[in-house]
Amino acid sequence: MHPLLQAPLDAAAILQKKRRIRRELLAVEPSGAVRVAVLGGSTTADLVSTLELFLLDMGLKPSFYESDYGKWYETACFGTPEMDAFRPQIVYIHTTCADLPWPQATDSADDRKVLATNICQRYEAAWQAIKVRYGSVIVQNNFEEPGWRQFGSLDAVQGRSAFIAELNRHFADYAAGDNSFFLHDIHYLAAFLGLSKWHDPEQYHLYKLAPSQEALPLLTHSLAALIGSILGKSRKCLVLDLDNTLWGGIIGDDGLSGIRLGHETAAGEGYAAFQMYVKSLSLRGVALAVCSKNEESVAKEGFTHPDSVLALGDFASFMANWEPKPLNIRRIAQQVNLGLDSLVFLDDNPAERELVRQALPQVAVPDVDGGNPASYIRALEEGRYFEMACFTAADCQRAAQYASNRERAELQAEFASYDEFLRSLEMRAEIAPFKELYMDRIAQLTNKTNQFNLTTHRYTRPELERAVAELGTIALYGRLTDKFGDNGLVSVIMAHREGQRLSIDLWLMSCRVLKRGLEYAMFAELLRRAEAQGVQEIVGTYLPTAKNGMVRGLYGELGFRRVDADAKEGEHWLFRIGMDECRQTYYMVVESNEDSVGI
Amino acid sequence: MKNRIEILADMQEIFRDIFDDDGLVIGPATSAKDVDEWDSIAHMDIVLSVERHFNVKFRPEEIAALRNVGDLVQLVEDRQA
């Protein structure tokens, strides 16, 4: 994480030192790549070079295609040979209100409506054309407030402001109905930065820059966070200190009645507001953890405070002891089964922050103004760590799932044999062909899962739909429930058929259900369907990465034999139906519907 | 109020940042043909960085008339007066 690219952004420094920052970032091995086409109404060169920095900082190596200046619409509708050859995964349409034909002051309400409809139709035609031609994800700016208003305050009723509001409403409605279309909210960014900084008419007239160059770091940081979120790279867990972070004061010294939390004091209100913000993060799927230097019992007492918004049950992991924080944060990462690069650590104490930054460079540690909880909210917002491109039902349930994970861990401690423990869980698995309803979650899983992942192929939703539509594909999802609750959709296996041979292209499983035997049940179901189709042999591919060592021996366990290994193509394993046997048992009842509903 | 030497020194830092070259040396006569990657995008970046650094704003005609670094230094000096 490059120091110059962390919020709050110093736009002038970033713009001036672009090349240096780029060189420094390129020295680090990226963990992924992305192909982004930028279609702009204004000059896009600086936008692309700044966007590149933020994407590299997230570990993504981007390659770009830029449409000719001002030709975003033509390029979207008719393509170009270069863009066709480029095969974008993401098409970003960089339009702003500089690209809009404004209504005249003398236009009637009907005239304005007709103009708005025409504009929206034009954009929709472009989006449709991109979808048909490239099948890529689309990221589209909405519109910011104009540099000047026609009517002053009345503008909000019948002028430019009202016009923008109508277009933005329409764009938002479109985004709500289309799973591969994402709205980039520059309306908010421009308001945040200030319209006087966002709009620079001289820069527009000289260089056709919209917005101003100073606004580019803010815009591209936001855009990179959105793209990262689409690709599953958002962070997933917020680790919090307690004293002077979640409440004012030090509970070990001040006692429960002495900490400041709630309406008695202004300081207390600030901390309650921060707790409410944190709670809202957890309600939409961000995992919470505590890392505090305190006696555990004393720390837990803080949540019994009558004005406490958060409760013990909200936390997926709770580390309160006197050991160094980096050590505890590692434990937290293990407990919640996430990589360190999925964590954000918030602490009022600058010494602790620095210690964690040095020891665990992959953890994001925003700077905050210690003792000022409003600054904590600002730091987390401006850092864009938990950006969320789409919100699925699974995200809602995540907090509850973390709580039931803790209960499962406690139960396991009671059993003599692991097998007995598994039996006691009363697991039920639903293993069936992909359903339309689950496609977002499945695409999300292919992007987020790194450890139990045989080939680490990433898919956007449109790519997934295309893969499934090919003839002879078997695509199964796995949902796992046990007596503590529903783990949700946690595994995906996808194989394509050529003649008598079935090749497994994709097989992954969420870390939260490791060591339950679901993989054996998934394979058994795949085998059953393969046999029913007359398949003679199954080929499994293992593509080693830095993170998926745990599945190195999976095919061997299932009875496959390794037939070859190649540096680029990975290892190929073979299972001959009727000759090889899978001896793995599993303790779950499997439900699988026989009618495969087409997507 | 900076004098010509100081302005040039500041400008050299800006150029070194923009071209990511700590060994770059510029003088009043330096122009686009002397620096390898000084294309129209870099030119825009230079002008905007200089404007931000010295807290000045140039008019389009002034920017169009720039022939070398010396002209740019002169523009900044004039603005400060």
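Helices here are DSSP runs of H or I of at least four residues, numbered from the N terminus. On this basis, A:P8 is placed in the segment before α1 of chain A. The structure is a predicted model, and the values reported below are computed from it.

The peptide bond that leads into this proline, from A:A7 to A:P8, is cis, with omega near -5°. A second cis bond joins A:A210 to A:P211, where omega is near 0°. A:P211 belongs to the loop between α11 and α12 (216–230) of chain A. Most residues other than glycine have a negative phi, and most peptide bonds are trans. Departures in phi are found in both chains. In chain A, A:N244 has a positive phi, near 60°, and is not a glycine; this asparagine sits in the loop between β6 (237–240) and α13 (251–254). In chain B, the non-glycine residue B:N55 has a positive phi of about 55°, and its place is the loop between α2 and α3 (60–64) of that chain.

The association of the two chains was examined next. The interface brings 18 residues of chain A into contact with 20 residues of chain B. About 1700 Å² is buried between chain A and chain B, with 47% of that area on carbon and sulfur atoms. On the side of chain A, 40% of the area buried against chain B comes from A:Q16, A:R19 and A:Y207, a share greater than that of any other three residues.

Polar and charged interactions were then counted across the interface. Between chain A and chain B there are 14 residue pairs in polar contact, with both residues at pLDDT 80 or more. The elements α1 (11–16), α2 (18–26), α3 (45–57) and α11 (201–207) of chain A each contribute at least two residues to the side that touches chain B. By class, this side of chain A comprises six nonpolar, three polar and nine charged residues.

Side chains of opposite charge can pair when their charged atoms come close. Over all chains, the whole structure contains 47 salt bridges, and the count between chain A and chain B is ten. Among the latter, A:R23 pairs with B:D20, with the closest N and O atoms 2.6 Å apart. A further salt bridge links the side chains of A:R19 and B:E37, at 2.5 Å from N to O. That pair runs from helix α2 of chain A, which holds A:R19, to the loop between α1 (4–18) and α2 (40–54) of chain B, which holds B:E37.

Two packed helices are described by the angle between their axes and the distance between the axes. For α2(A) and α3(A), the axes come within 10 Å and cross at roughly 35°, and the crossing is left-handed. From α2(A), the contact involves A:K18, A:I21, A:R22, A:L25 and A:L26. From α3(A), the participating residues are A:D46, A:S49, A:T50, A:E52, A:L53, A:L56 and A:D57. Sorted by class, the contact of α2(A) with α3(A) has five nonpolar, two polar and five charged residues.

Conventions. Residues are numbered from 1 along each chain as its sequence is written. Chains are lettered from A and ligands numbered from 1 in the order in which they are written. This is a predicted model: local features need pLDDT of at least 70, side-chain atom pairs count only at pLDDT 80 or more; totals for chains, interfaces and linings use all residues. Side-chain values use heavy atoms; hydrogens and water are left out. Contact means heavy atoms within 4.5 Å. Buried area is the accessible area (1.4 Å probe) that two parts lose on being put together, summed over both. A salt bridge is a side-chain nitrogen of Lys or Arg within 4 Å of a carboxyl oxygen of Asp or Glu. A polar contact is a pair of N or O atoms within 3.5 Å; within protein, one must be able to donate a hydrogen and the other to accept it, and residues adjacent in sequence count only if both atoms are side-chain atoms. Ala, Val, Leu, Ile, Met, Phe, Trp, Tyr, Cys and Pro count as nonpolar, Asp, Glu, Lys and Arg as charged, and the others, Gly among them, as polar. Axes are lines fitted to C-alpha atoms, for helices over the stretch in contact, and angles run from 0 to 180 degrees between N-to-C directions. A crossing is left-handed if the near helix is turned anticlockwise from the far one by less than a right angle, and right-handed if clockwise.
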